[in-house]
Structure formats: C-alpha cells, structure tokens
Amino acid sequence: MLTPTKGPSSTALSAAARSIMNSPLLESPKAQSGLAMASAMALHFAGYELARGSNMALFTSSSLGFGSSSGGYYPLAMACASPLSMFLLLSYTRQLDRKGPRRALRSTTLLCISALTISGIAMATMQHNELLGNIKILSLPISQIIVWASFVFQNSYAHLLYAQQWSFLGSIFTPTEAGKYYS
C-alpha cells in the first residue's frame with residue numbers, strides 16, 4: 001500500500017497555511033468576515049466561469065442553440081445584458097434598503113443559483129426530448145429562447161456578483177483596514 005510522503009512542497013504549503021491562519025491580521029471578526037466573503041466571492045466567480053463556458057457552448061450549439069446563425073443573435077443578447085444588469089443592481093439596492101445586507105446577499109445568491117439551475121434542468125430536458133425543444137414561441141424554438149435567456153442572465157449577473165461582494169467588504173472595513181487587508 002502506498003502512503004503519501006511529505007515532500008518539501010507539502011511541508012511548505014502547510015507552513016504557509018498555518019502562517020496565514022495564525023496571522024494577527026485574522027484575529028478580528030472583521031478580518032474573518034472579510035476572508036469568508038473573499039472566499040465566497042472566489043467560489044461564486046468560479047461558478048460564473050463554469051456557467052459562462054457552458055452557456056456559450058449552448059448558445060452556439062446547432063441542436064439547442066442558434067448554431068450557424070448565432071453570430072446574428074450574439075450582439076442582441078449582449079445588448080440586453082446591460083439593461084438586465086441595471087435591473088438586477090437596482091433590485092439589489094432596494095433589497096439592501098428593505099432587508100439589510102445579509103438577507104439581500106442571500107436573496108440574490110439564491111436567485112442566481114435558481115436561475116442557472118432551472119435553465120440547466122430545462123436544457124437537459126429538451127436535449128432528451130426533441131419534440132419539447134422544438135415547440136415554437138415567437139417563431140423560435142423554446143430551446144433557443146431558454147438558451148438566449150440563460151445566456152443574457154449569466155452575462156448580467158456578473159455585475160451583481162462583484163458589486164455585492166465588494167460593497168460588503170467596503171462596508172466592514174475602514175480605508176486604513178482595507179489598505180492593510182487588500183494589499
């Protein structure tokens with residue numbers, strides 16, 4: 001049976017992790033909140049990047065998306081992303097005022113997760129049932145409408161992601177603390 005050995009790289013990595021976790025910078029609850037939010041932001045952006053690649057593949061797909069005509073629909077989809085971003089940011093601002101930062105962040109995160117999950121389930125269903133995917137609405141197959149809506153939403157919510165994460169970090173740190181933690 002093979003057992004992992006501690007080489008220089010694993011020792012250096014664990015020493016670096018210990019030094020970060022034992023850093024006096026992370027002793028305050030603010031710093032721990034900031035680290036937790038920065039970690040959540042990193043995970044959220046990782047999910048965004050995974051969704052971006054799959055949405056682009058679906059958008060240009062010949063079976064569910066726009067195929068060879070995707071070049072004509074792409075500018076329209078990108079033009080619709082900015083107004084939707086504005087709407088999402090305005091909704092987030094209203095939620096901040098009404099519900100506070102914690103509930104607003106939770107609501108918008110659940111919205112993003114739900115929208116991408118529902119579109120993923122719908123696309124998987126249509127991929128396995130071609131008849132359902134070819135139902136036409138506004139002279140377009142429903143699969144193209146769902147792919148287009150998912151693509152526009154995915155390109156819009158990135159603005160919401162970084163706005164809410166950085167606004168939280170900006171609200172808990174003073175300018176001096178921010179300079180210490182961010183640099």
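## The main nonpolar core

Eleven residues come together in the largest nonpolar core of this protein: F59, L64, F66, A77, A122, M123, M126, I146, V147, F151 and V152, 11 residues in all. Helices α4 and α6 (142–172) each bring at least two residues to this core, and α6 makes the largest contribution, with 4 residues. Please keep in mind as you look around that this is a predicted model.

There is also a second core, separate from the largest one, with 10 residues. Y48, L88, Y92 and C112 are among them.

## The overall layout

Let's step back to the whole chain. The protein has 7 helices and 2 strands, and along the sequence they follow the pattern α-α-α-α-α-β-β-α-α. Of its 183 residues, 30% are buried.

## Helices α2 and α4

How does the end-to-end reach of α2 fit the value expected at 1.5 Å a residue? Helix α2 has 32 residues, and its first and last C-alpha atoms are 46 Å apart, close to the expected 46 Å. Its buried residues are A31, G34, M37, M41, H44, Y48, A51, N55 and F59. Two of these have come up already: F59 belongs to the largest nonpolar core, and Y48 is part of the second.

Helix α4 covers residues 101–128, which makes 28 residues. At 1.5 Å a residue it should span 40 Å, and its end C-alpha atoms are 41 Å apart, so the two values agree. The buried residues in α4 are A104, L105, T108, C112, S119, A122, M123 and M126. Here A122, M123 and M126 are members of the largest nonpolar core, while C112 is included in the second.

## Aromatic pairs

The structure contains 8 aromatic pairs. What kind of pair do F59 and Y74 form? Their ring centres are 6.2 Å apart and their planes meet at 75 degrees, so this pair is edge-to-face. F59 sits in helix α2 (residues 29–60) and Y74 in helix α3 (residues 70–99), so the pair ties together parts that are 15 residues apart in sequence.

Are the two partners buried or exposed? F59 has a relative accessible area of 1%, so F59 is buried. Y74 has a value of 34% and is therefore partly exposed. The pair also belongs to a wider group, as ring pairs link F59, F66, Y73, Y74 and F151 into a cluster. F59, F66 and F151 from this cluster are found in the largest nonpolar core as well.

## The second largest pocket

If you are browsing the surface, have a look at the second largest pocket, which has a volume of about 180 Å³. The residues lining this pocket are M37, Y92, P101, R102, L105, R106, T109, L110, Q164 and F168. By class, the lining has 6 nonpolar, 2 polar and 2 charged residues.

Which helix gives the most to this lining? That is α4, with 6 residues. Helices α4 and α6 each supply at least two residues of the lining. M37 and L105, both part of the lining, also appear in the lists of buried residues, M37 for α2 and L105 for α4.

## Residues brought together in space

Some residues that are separated along the chain can be compared by their C-alpha distances. C112, in helix α4, has a relative accessibility of 2% and so counts as buried. C112 and H44 are 68 residues apart in sequence, and their C-alpha atoms are 9.9 Å apart. H44 is listed among the buried residues of α2.

A79 lies in helix α3 and, at 49% relative accessibility, counts as partly exposed. A79 and V152 are 73 residues apart along the chain, with 8.8 Å between their C-alpha atoms. V152 is one of the residues of the largest nonpolar core.

Two further examples come from α4. L111 lies in this helix and is partly exposed at 39% relative accessibility; its C-alpha atom is 9.8 Å from that of Y157, 46 residues apart along the chain. T125 is also found in α4 and counts as partly exposed at 38% relative accessibility. T125 and S143 are 18 residues apart in sequence and 9.8 Å apart in space, C-alpha to C-alpha.

Technical notes
Residues numbered from 1 in each chain as written. Predicted model: local features only at pLDDT ≥ 70, side-chain atom pairs only at ≥ 80, totals over all residues. Heavy atoms only, no water. Expected span 1.5 Å × (residues − 1). Buried < 20%, exposed > 50% of the residue type's maximum accessible area, 1.4 Å probe, protein only. Phe/Tyr/Trp six-rings, centres within 6.5 Å; stacked < 30°, edge-to-face > 60°. Core = buried A, V, L, I, M, F, W, Y, C linked by side-chain atoms within 4.5 Å. 1 Å grid on protein atoms, 1.4 Å probe; cavity = no way out; pocket = protein on both sides within 12 Å on 5 of 7 lines; lining within 4 Å. Points joined across faces, edges and corners; volume = space filled by probe spheres on them. Nonpolar A, V, L, I, M, F, W, Y, C, P; charged D, E, K, R; others polar.
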